[in-house]
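Thanks for making the time this morning. I would like to walk through one model with you, beginning at the ligand and then moving on to a few individual residues.

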Amino acid sequence: MLIMSAESAIYNSNEIPHLTSLADCVRLNNGVMMPRLGIGTWFDHDRWTGLENDIELAVTSILAGIKAGYRAIDTAYSYGTEPAIGIALREGAFKREEIFITSKYMSLEMGYDDVFSIFDETLSDMNTEYLDLYLIHWAKLYPDQDVFVDVWKAFEKLYKDGRVRAIGVSNFTKEHLERLFNETEIVPAVHQIELNPFFQQKEMRAFCMQHGIQVEAWTILGYGRIFYNETIKTLAKKYKKTETQITVRWALQQGIITMTRAEREDWLIENGNVFDFEISKEDMALLETLNTNQRIGADPNDGPIGGSTEKQQKP
Ligand SMILES: NC(=O)c1ccc[n+]([C@@H]2O[C@H](COP(=O)([O-])OP(=O)(O)OC[C@H]3O[C@@H](n4cnc5c(N)ncnc54)[C@H](OP(=O)(O)O)[C@@H]3O)[C@@H](O)[C@H]2O)c1
């Protein structure tokens, strides 16, 4: 098992991390530095049901994000937007080593061997030789599927072969993680989960902290609910910031890695402009009261196909 580094231990305490710019990083449990804030590239479709103009949108968003100073991009095989990173790299939008790239593995044929062919496709689409972080997108696609331990063993091989700088998971339960601890060698570096002011995932965060796993939030804007919440609206007025800035800052102040996705350049700039203010302890406590402990996305126990046992149904 990998040992948690000293910096992770500090980061995982109750102290507010030192937040200065979009280049701020957190040290993962294997020593790799990961930016705390990045941009997402999921545009509401997936590769199996049709992408519309998602690759184009992702390219535009990546170019705007890099210009705004972001240093991390999140994508996934299932989003169909990995080629956007390849296009941006070919256009010389950034130097590969300057940007932290995360992708995720999910496939209708999930299993040990399949990981390597999907991974090769991912690298080729992205025009890169390696990933900074590779995540298992979901522990399972549907309730009675049970392949994630084998998938993780393939991830361990990719890591040992130096093809990914860090490996992690997404949408796992505590029980799924415990199986990895007991049946495999490497502790995940990151757990990417649904997390927002209304679903704060305190138990999972405490569990990950205990095991040296950094938590990363997806859909931090709570499917738009933050724009209608009176507490967040009031705090936005008080700090002369927007609802997204309050929400992103709320996550960062708790040491949660996160990302937002926006088609509009001004929104990307806005969402990254969170380093010139600090939410007070009292207001953080107020935001804590918004937790309803209810997820909106799929339950990791069910998987994205959610309740269906029909393997051929597209995720
Ligand atoms: N691991 C997983 O299972 C998982 C699941 C979901 C997402 N993710 C990752 O997380 C990323 C972010 O999540 P997300 O895309 O679901 O949601 P999000 O970033 O929480 O919210 C995106 C939505 O908010 C809007 N928005 C963004 N900035 C705004 C601003 N400043 N003012 C007003 N509206 C704003 C966007 O508008 P526009 O539509 O106009 O751009 C979009 O509709 C994804 O792109 C993906 O990379 C991972």
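Let me begin with a backbone contact: in this predicted model, a backbone N or O atom of Ile220 lies 3.4 Å from an oxygen atom of the ligand. Trp42 offers a backbone N or O atom as well, and there the distance to an oxygen atom of the ligand is 3.0 Å. On the side-chain side, an N or O atom of Asn271 is 2.9 Å from a nitrogen atom of the ligand. As for the ligand's surface, it exposes 910 Å² when taken alone, and the protein buries 86% of that.

The space that the ligand takes is the largest pocket. Which elements give two or more residues to the shell around the ligand? They are β10, residues 257-260, and α10, residues 265-272, and it is α10 that gives the most, with 3 residues. There are 25 residues around the ligand, and those that come nearest are Asp74, Asn171, Gln192, Arg261 and Glu263. By character, the shell residues divide into 10 nonpolar, 10 polar and 5 charged.

Asn171, one of those nearest residues, deserves a second look. Asn171 sits in the loop between β7 (167-170) and α6 (174-183), and its phi is positive, about 55°, although it is not a glycine. For background, most residues other than glycine have a negative phi. Is Asn171 buried or exposed? It counts as buried, because its relative accessibility is 4% and the cut-off for buried is under 20%.

A positive phi also turns up at Asp44, again a residue other than glycine, with a value near 70°. Asp44 belongs to the loop between β3 (37-40) and α2 (54-68), and at 48% relative accessibility it counts as partly exposed.

Two further residues, and then I will stop. His191 is in strand β8, residues 190-194, and it counts as buried because its relative accessibility is 0%. What does the side chain of His191 reach? It reaches the backbone nitrogen of Phe172, at 3.0 Å.

Lys157, finally, has its place in helix α5, residues 148-160, and is partly exposed, with a relative accessible area of 37%. Lys157 and Phe116 are 41 residues apart in sequence, while their C-alpha atoms are 9.5 Å apart in space.

Conventions: Residues are numbered from 1 along each chain as its sequence is written. This is a predicted model: local features need pLDDT of at least 70, side-chain atom pairs count only at pLDDT 80 or more; totals for chains, interfaces and linings use all residues. Side-chain values use heavy atoms; hydrogens and water are left out. A residue is near a molecule or strand if one of its heavy atoms lies within 4 Å of it. A polar contact is a pair of N or O atoms within 3.5 Å; within protein, one must be able to donate a hydrogen and the other to accept it, and residues adjacent in sequence count only if both atoms are side-chain atoms. Accessible areas come from the Shrake-Rupley method with a 1.4 Å probe; for residues, only the protein chains shown count as cover. On a 1 Å grid over the protein atoms alone, a cavity is a set of points where a 1.4 Å probe fits but cannot get out, and a pocket is an open set with protein on both sides within 12 Å along at least five of seven lines; lining residues have an atom within 4 Å of a point. A molecule sits in a cavity or pocket if more than half of its atoms lie within 2 Å of its grid points. Helices (H or I, at least four residues) and strands (E, at least two) are DSSP runs, numbered from the N terminus. Ala, Val, Leu, Ile, Met, Phe, Trp, Tyr, Cys and Pro count as nonpolar, Asp, Glu, Lys and Arg as charged, and the others, Gly among them, as polar. Buried means under 20% relative accessible area, exposed over 50%, partly exposed in between (1.4 Å probe, protein chains only).
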